Amino acid sequence: MRASIKWLNDYVEINETPEKLADMLTMAGIPVEAVETLGQNISGVVTGKVVEIAPHPNADKLSVCKIDIGTDLLTIVTGATNVRQGHIVPVATVGAELPNGMSIQPTKLRGLLSSGMLCSTEELAIDSKLVAPEARNGIYILPADTAVGIDIRVALGLDDVVLAFELTANRADCFSMIGIAREIAVLTGASLKKPMLNLKETGTEKAASLTNIQIADSELCSRFAARIIKNIKVGPSPVWMQQRIQAAGMRPINNIVDVTNFVMLEFGQPMHAYDYNLLARHSLVVRKPNPGEKLTTLDGIKRELEPDMLVIADAVQAVGIAGVMGGLATEVTASTQNVLLEAAAFKGSSIRRTSRALGLRSEASGRFERGVDTVNIIRALDRAASLLESMGAGEVCPGIVDVYPDIQLPKQVVFTPKQINNYLGTDIPAETMTAILKRLEFDVEAGSEIITVTVPTWRGDVTLPADICEEIARIYGYDKVPSTTPDGSMAQGKQSNTQNTIDKIKNLLTSSGFSEILSLSFFHPDSLDKLNIPSDSALRQAIEVLNPITDDFPHLRTTLLGGIMDTIVRNLSRKNEDLKIFEIGAVFLPEELPLKDLPQEPVMLCGAMIGKRHTLAWNQSRDMVDFYDAKGAVEAILAGLGISDYIVEAGENSALHPGKTAVVKKDGELLGSIGEVHPQVLDAYGINKKIYVFELTVGALVKAAAINPSYRSLPKFPAITRDLAVLLPETIAASNVTEAIKANAGTLLTQVQLFDVYTGQQVEKGLRSLAFSLTFQASDRTLTDIEIDEHYKNIVVYLEKTFAAKLRD
């Protein structure tokens with residue numbers, strides 16, 4: 001937002017220097033990014049009239065001009081071809097300084113003395129975007145009624161200072177000159193002078209009889225109003241208006257368009273003018289686009305409209321993209337006779353989404369995205385009509401056509417002075433608080449203890465007592481808020497056991513070749529469909545965010561797997577096909593919706609593996625990762641945390657492949673799951689490679705981890721190893737057999753390891769061979785075969801009796 005000091009002076013008397021004013025505004029939460037002095041490097045340049053022009057006697061491409069600058073008649077030689085007798089032009093006199101560092105001196109050109117130079121917009125450092133296309137080349141031709149002999153800075157409005165603001169999105173009211181002027185009036189104690197409206201409505205027909213306005217989607221358009229102006233005379237706008245628009249960074253076009261831009265900058269309310277005669281049935285409707293509908297916008301580009309966009313259409317076709325840009329077919333031109341002038345309020349998120357999809361941003365879309373004052377629409381229309389009427393540009397028809405389905409009522413906030421002072425750590429009197437709020441144009445009802453504030457409709461950012469605290473503090477002065485030492489007991493900062501465990505997990509995974517990722521804590525519910533999550537799953541109970549960063553992330557995540565899959569898709573699209581990644585973060589699980597209590601926020605660990613097992617090298621195999629790589633990563637984590645005696649067994653997970661999914665349990669508590677991603681999930685994400693993932697609950701890992709691991713000395717006596725191979729039905733899990741061996745091997749058994757699983761020609765159908773390595777060891781003696789044989793027989797007998805196992809030769 002750019003605000004001219006000269007323009008601001010129309011609404012509030014400013015006695016402070018621009019630099020001091022900028023500092024005051026910044027300290028009040030209206031940050032000024034830069035103070036720009038226009039025309040500061042221009043001196044000695046005045047307006048002059050070409051009274052005579054003739055060819056140079058000694059050069060074909062030069063002309064000799066006699067220039068009247070009011071106090072003198074100068075002879076200037078120029079090579080410009082666009083200068084004619086009677087033109088008013090910028091004249092750099094002898095001794096003049098230009099922004100490019102040029103100093104003008106008398107110069108002989110082909111034998112004739114030239115006492116100055118005629119200037120172009122480039123030489124005056126005027127941005128070419130701010131002037132008409134025909135004025136960008138050659139000498140700058142000024143309006144014919146420009147006074148002769150005046151400083152060019154005065155003639156072009158360059159005797160001004162512009163404040164460039166870096167406003168936050170919540171202060172939509174400050175994206176207008178009146179909004180900025182209101183802040184200045186509050187800070188300086190001056191009075192705010194709002195524009196006076198003197199609308200005569202000289203037209204003969206009522207606006208209601210000339211047009212029909214409808215809103216087909218009131219959720220995206222809360223109000224739409226229009227005025228009709230007849231017998232239009234399209235021409236240039238007054239110089240003062242052009243200069244104000246240029247100071248704000250916009251280019252003057254004609255009086256109709258300039259008025260709409262001027263009022264948008266003044267009130268913060270975008271509006272658009274249509275050629276009334278080109279509107280089918282002289283009607284407008286705010287609706288979604290029809291299938292396959294296209295529109296050629298004012299920039300001459302034909303754009304395909306998406307179903308979720310919002311358009312303004314006549315009885316036949318779309319004539320504008322709501323809140324972004326109008327259509328070329330109904331553009332106001334020199335032949336326009338009647339104009340329909342509209343102002344509306346559109347949903348900010350819809351405009352932002354449309355603007356981004358089309359790659360088209362405008363001053364109007366930026367204001368609609370932040371939110372406009374719906375109540376102010378009629379005043380803005382009246383202001384525009386009054387300006388057009390005052391400059392003789394047309395006849396305003398009586399009345400306004402206003403469609404306003406749901407009237408917006410002002411919000412009220414109730415608080416006590418004690419609440420404000422406790423929040424700010426101040427001792428501001430209640431009278432000072434009410435005075436500040438009244439200066440901000442809040443309606444205040446002060447009781448003996450409670451204060452009720454009615455918030456102006458243009459302050460949509462003020463909804464809670466905390467917002468009132470901010471308003472009072474920034475006007476009262478942040479520098480007046482006393483600095484105090486925080487009160488409370490001091491404690492040594494240190495990490496919790498959970499944080500230490502998370503750090504250990506990260507070290508274990510990164511040392512295994514994994515890379516940590518960070519994804520947003522938000523997601524779109526569509527990702528749950530991609531992950532094959534059942535409709536009755538608790539993961540579907542996602543918390544909706546009231547102010548999402550974008551419409552693509554409207555809910556708090558309930559699983560990390562969606563972020564992992566999105567990261568894999570992004571990497572695969574960039575040919576990064578070998579990945580080992582993990583993320584540790586909170587998910588948000590509410591007890592019920594809508595929320596009554598804070599949700600549970602368990603911290604989860606999710607990892608994924610895809611592609612080759614090893615980095616491509618001459619001495620490495622090219623095997624692809626499989627289920628056991630993911631299982632090994634989990635086992636490395638558990639071992640690193642000192643977790644033992646856990647069980648890995650077949651399990652189910654809707655996002656994982658049936659039959660290729662395992663769960664990890666410790667003392668009956670679920671630690672997590674491991675498996676191959678379900679083929680349907682891969683198809684949903686457009687992935688044609690197998691992915692193996694694991695998801696663990698960090699809280700359960702912390703609970704099971706050995707906080708103070710125990711140590712024992714190395715054994716002094718050798719161990720004895722026996723192999724045991726048995727034939728068992730395929731339905732019996734290897735883990736059950738392992739537990740049975742441990743239970744019947746006595747106290748001398750120190751380790752059981754499954755080292756072979758075999759099914760084939762030598763094994764009957766329905767059976768499989770499991771081979772275990774059993775390690776026996778004593779701490780006080782060397783074991784004998786006789787001792788081991790007794791335990792070995794107990795194991796065999798139990799397996800034969802319980803599982804119908806057979807020893808394999």
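Is Leu 8 buried or exposed? A few notes on this predicted model, starting with that residue.

1. **Leu 8.** Leu 8 is buried: its relative accessible area comes out at 0%, and the cut-off for calling a residue buried is under 20%. You'll find Leu 8 in helix α1, which runs over residues 5-8.

2. **Who touches Leu 8.** Leaving aside residues up to four places away in sequence, Leu 8 is in contact with Ala 3, Ile 14, Met 177, Ile 180, Ala 181 and Ile 184. For a sense of distance across the model, take Ala 446, which sits 438 residues from Leu 8 along the chain; the two C-alpha atoms are 32 Å apart.

3. **Overall shape.** The radius of gyration of the protein is 39 Å, whereas a compact globule of 809 residues would come in near 28 Å. Measured out along the principal axes, the C-alpha trace spans about 130 × 80 × 60 Å.

4. **Make-up and contacts.** I count on 20 helices and 38 strands for the secondary structure. Look at contacts with a separation of 6 or more, and 69% of them join residues 24 or more positions apart.

5. **Inside and surface.** Buried residues make up 47% of the 809. The protein exposes about 41000 Å², with carbon and sulfur atoms supplying 49% of that area.

6. **Charges.** There are 78 positive and 98 negative charges, and their mean positions lie 3 Å apart.

7. **Helix α10, the buried side.** Which residues of α10 (417-424) are buried? They are Pro 417, Ile 420, Asn 421 and Leu 424. These four sit on the same side of α10 because they cover an arc of only 95° around the axis.

8. **What α10 packs against.** The buried residues of α10 pack against two strands, β23 (412-415) and β25 (451-454), and against two helices, α11 (430-439) and α12 (465-476).

9. **Helix α10, the other face.** Turn to the face pointing away from the buried side and you meet Lys 418, Asn 422 and Tyr 423, which are exposed. Just after α10 comes Gly 425, with a positive phi of about 70°.

Conventions: Residues are numbered from 1 along each chain as its sequence is written. This is a predicted model: local features need pLDDT of at least 70, side-chain atom pairs count only at pLDDT 80 or more; totals for chains, interfaces and linings use all residues. Side-chain values use heavy atoms; hydrogens and water are left out. The radius of gyration is taken over C-alpha atoms; the globule rule is 2.2 Å times the number of residues to the power 0.38. Buried means under 20% relative accessible area, exposed over 50%, partly exposed in between (1.4 Å probe, protein chains only). Contact means heavy atoms within 4.5 Å. Accessible areas come from the Shrake-Rupley method with a 1.4 Å probe; for residues, only the protein chains shown count as cover. Lys and Arg count as positive and Asp and Glu as negative; His and the chain ends are not counted. The place of a charge is taken as NZ of Lys, CZ of Arg, CG of Asp or CD of Glu. The arc is that of the directions from the helix axis to the C-beta atoms.
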